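User: I am new to reading protein models, and I would like to learn how to go through one feature at a time. Could you guide me, starting with a pocket?

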Amino acid sequence: MVSVPRLVVAAPSSGSGKTTVATGLMAAFAGRGLAVSPHKVGPDYIDPGYHALATGRPGRNLDAYMCGTDLIAPLFAHGAQGCDLAVVEGVMGLYDGASGQGELASTAQVSKLLRAPVVLVVDASSQSRSVAALVHGFASWDPEVRIGGVILNKVASDRHEALLREALDESGLPVLGVLRRAPQVATPSRHLGLVPVAERQADALDAVRAMGERVREGCDLDALLALARTAPGLPGEAWEPERHPDDGTRPVVAVAGGAAFTFAYAEHAELLTAAGAEVAVFDPLRDEKLPPGTAGLVVGGGFPEVYAPELSANEPLRRAVTELALSGAPVAAECAGLLYLARELDGRPMCGVLDASARMSERLTLGYRQAVAVTDSVLAVAGTRLRGHEFHRTVLEPGAGATPAWGLHQPERRVEGFVQKGVHASYLHTHWAASPGVARRFVEQCRG
């Protein structure tokens, strides 16, 4: 049984302020000396970076589509071990999930899987008594979702607050916080959402402090903590990566990091380590060599399009990556990694491992995908099925090599990605906790 006080921060729709409230709650409770475990519903990589700043712990994702419903509670328990409180930021609107698949991957579903009370963040601008009807509808839609209170955001004045509180008195749900209209906390966005923490460390820290201060001033932290403590125990055990017997050999797996490659799930490095690898993080913007003894390379997601000039200018590292790939060593590249391995990105020379050219476009490619491995690779044997996520505004031509990586079955059927020698490169983001054999297979390939 896992007993960790917990809250899910949700909203009727995107743009209501749940990221500000969730991150602010994390910072405010951490400021009280509590060990706070931060979580994010869905596949988003960027918000967890701000959560990590607020709490000093890795931000972790809870994605019921990619990982399956059975893994949500174990993954939560893994991240929350030893903590006094867990705060889970929702995704989109409370009941919005994977397109066309009911409640799957919604914040509502995750709240039920965690048996956690929900705090509903409501954008109260331009309404007064109607807020009660809105809250009543969300609270009664699914009786299994327990909304424990409301935080009102963008409240205009004392008079506006009084009208809202009077209306909500009839709903039976307590008002746990009121945040006034204020200049938005400095969290700049661009083509894929917020600018990641790694690109603006000092400014991001200031933004998180400001969120924490707003929440401390406007929310009843004691009442919120009391609500979190009403969450019952979760049956079952915490997820743990399966440990590989230590035979004395630990191949070095170089993992790209730094400002250009910020998209990574914390469990991936844990799985690689458990499988027997020595994980060595390097920064392709700064390091001119791969880590000593590199036997395999993982280049995840991020924003190479923002740093194309700098990545291109680092010719020594590009040559090292190319030589490693041509040697047949295992290389796993996702999205940004795929672009980095291409011949060029927006006209800038990249590693040239793949005979493909990438460019920015106006079109956003976004959504969950069902995938099957087309051929044997360093990550999977042919026929392996898993679920992933695409999230990019770039176009790669061609989009698949002579031997593609995946056959995708949603929303349309197509092949995608590249498998050549030891390279597996694709736009598809995956969560290896759902398929732990991926990390084990990759490390075994690194052993040679």
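Analyst: This is a predicted model, and in it the second largest pocket holds about 940 Å³ of space. Its lining is made up of 43 residues, of which F261, T262, F263, A264 and Y265 are the closest to the centre of the pocket.

User: Which helices and strands each supply at least two residues of that lining?

Analyst: The helices are α2 (47-55) and α10 (266-274), while the strands are β10 (252-256), β11 (278-282), β12 (294-299), β13 (331-334) and β21 (423-426). By residue kind, the lining of this second largest pocket divides into 30 nonpolar residues, 12 polar ones and one charged one.

User: How do β10 and β11 pair, and over how many bridges?

Analyst: β10 and β11 run in the parallel sense and pair over five bridges; one bridge joins A254 to its partner A280 in β11. Between these strands the chain passes through α10, and this β-α-β crossover is right-handed.

User: What span should helix α1 have, and what do its end C-alpha atoms show?

Analyst: The idea is to allow 1.5 Å a residue, so the 14 residues of α1 (residues 18-31) should span 20 Å, and this agrees with the 19 Å between the end C-alpha atoms.

User: Is α1 mostly covered or mostly uncovered?

Analyst: Taking buried to mean under 20% relative accessible area, α1 is mostly covered, with 10 of its 14 residues buried, including K18, V21, L25, M26 and F29. After α1 comes G33, which has a positive phi near 95 degrees.

Key
Residues are numbered from 1 along each chain as its sequence is written. This is a predicted model: local features need pLDDT of at least 70, side-chain atom pairs count only at pLDDT 80 or more; totals for chains, interfaces and linings use all residues. Side-chain values use heavy atoms; hydrogens and water are left out. On a 1 Å grid over the protein atoms alone, a cavity is a set of points where a 1.4 Å probe fits but cannot get out, and a pocket is an open set with protein on both sides within 12 Å along at least five of seven lines; lining residues have an atom within 4 Å of a point. Grid points are joined across faces, edges and corners, and a volume is the space filled by probe spheres set on the points. Helices (H or I, at least four residues) and strands (E, at least two) are DSSP runs, numbered from the N terminus. Ala, Val, Leu, Ile, Met, Phe, Trp, Tyr, Cys and Pro count as nonpolar, Asp, Glu, Lys and Arg as charged, and the others, Gly among them, as polar. The expected span of a helix is 1.5 Å times one less than its number of residues. Buried means under 20% relative accessible area, exposed over 50%, partly exposed in between (1.4 Å probe, protein chains only). Two strands pair if DSSP finds at least two bridges between them. A crossover is right-handed if, with the strands pointing away from the viewer, the path from the first strand over the helix to the second runs clockwise.
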